[in-house]
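Here's a quick walk through a protein you may not have met before. Have a look at the sequence and the 3D view first, then read on.

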Amino acid sequence: MTVTGSQVTTLPKEKGWITEYVYEYQSVWLTPTFVKGVKLVQQCIYAQSTDILLATLPKSGTTCNPHSLLSVISSGCKIVYVFRETKGVFVSNSHYMTKLRPEDALDLFCKGVSHFGPFWDHVLGYWKASLENPDKTGVQHFSPQFAIENRHFSRKGQVGDWKNHLTLEMTEQLEEITRQKLGQSD
């Protein structure tokens, strides 16, 4: 089934980072092109029990993002989920995907409106899946030990570079919302 533009525009929408709007599809914010692509992937790609899928939010250490992989756990495939520190994700996204002022981008990010977001729901979904199915899902925090030189796909690739881009107020806002959203994962 092909998704038409009129079907996409009936979904809930918010101001976009790189497109005029992002649309909420299956509790995730996507550009119109990604809504269509995700639906096609869900209809056409079937995971095998021997597959190992690497899942991340964009700008979290990989250059692509398999979407909504939690639904394929029942197929028996294994999933490795890599997540990055909240402030680093925000800075990378705001450099890569936005034509917004930093304050507007931060407001959208904190409301959960970012590509493939909300960030916190994404992380918690995989975290909970790893607790429920530890033999099928693994969660790994992206840290300096995993950083590699990748000048072709990364803005800088430095863990902690967010300190050079966020004000103290922005940092505190992101830290507080992260404590609120991810505190239950301790």
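What percentage of the 186 residues in the protein do buried residues make up? The share is 43%. Keep in mind as you read that this is a predicted model.

## The overall picture

Let's begin with the parts list. The protein has 6 helices and 6 strands. Walk along the sequence and they come in the pattern α-β-β-β-α-β-β-α-α-α-β-α.

Now for the contacts and the surface. Take the contacts with a separation of 6 or more: 69% of them are between residues 24 or more positions apart. As for the outside, the accessible surface comes to about 10,700 Å², and carbon and sulfur atoms account for 54% of that.

## Strands E1, E2 and E3

Strand E1 covers residues 13-15 and runs antiparallel to E2, with 3 bridges joining the two. One pair to look for is Glu-14 and its bridge partner in E2, Val-22. E1 and E2 make a hairpin, with 5 residues between them.

E2 also pairs with E3: again the strands run antiparallel, and 3 bridges join them. Here you can pick out Glu-24, whose bridge partner in E3 is Trp-29. This pair forms a hairpin too, with 2 residues between the strands.

## The turn between E2 and E3

What is the sign of phi for Gln-26 in this turn? Phi is positive there, at about 50 degrees. Ser-27 sits in the loop between strand E2 (21-25) and strand E3 (28-30). Its phi is near 70 degrees, a positive value in a residue other than glycine.

Is Ser-27 buried or exposed? Ser-27 has a relative accessible area of 53%; the cut-off for exposed is over 50%, so Ser-27 counts as exposed.

## The loop between H4 and H5

Next, hop over to the loop between H4 and H5, where you'll find Phe-116. Phe-116 is another residue other than glycine with a positive phi, this time near 65 degrees. Its relative accessible area is 6%. Buried means under 20%, so Phe-116 is buried.

Pro-118 is found in this loop as well. Which form does the peptide bond from Gly-117 to Pro-118 take, cis or trans? This bond is cis, with omega near 10 degrees.

## Helix H6, one face in

Helix H6 spans residues 168-182, which makes 15 residues. At 1.5 Å a residue, a helix like that should span 21 Å, and the end C-alpha atoms of H6 are indeed 21 Å apart, so the two values agree.

Which residues of H6 are buried? They are Met-170, Thr-171, Leu-174, Ile-177, Thr-178 and Leu-182. Looking down the axis of H6, you'd see these buried residues fall within an arc of 140 degrees, so they line one face of the helix. There's a general reason to expect this kind of spacing: an α-helix has 3.6 residues a turn, so residues three or four places apart point the same way.

What covers that buried face? The cover includes helix H3 (86-97), helix H4 (102-110) and helix H5 (119-132). Turn to the other side of H6 and you meet exposed residues: Leu-168, Glu-169, Arg-179 and Gln-180.

Conventions
Residues are numbered from 1 along each chain as its sequence is written. This is a predicted model: local features need pLDDT of at least 70, side-chain atom pairs count only at pLDDT 80 or more; totals for chains, interfaces and linings use all residues. Side-chain values use heavy atoms; hydrogens and water are left out. Helices (H or I, at least four residues) and strands (E, at least two) are DSSP runs, numbered from the N terminus. The expected span of a helix is 1.5 Å times one less than its number of residues. Buried means under 20% relative accessible area, exposed over 50%, partly exposed in between (1.4 Å probe, protein chains only). The arc is that of the directions from the helix axis to the C-beta atoms. Contact means heavy atoms within 4.5 Å. Accessible areas come from the Shrake-Rupley method with a 1.4 Å probe; for residues, only the protein chains shown count as cover. Two strands pair if DSSP finds at least two bridges between them.
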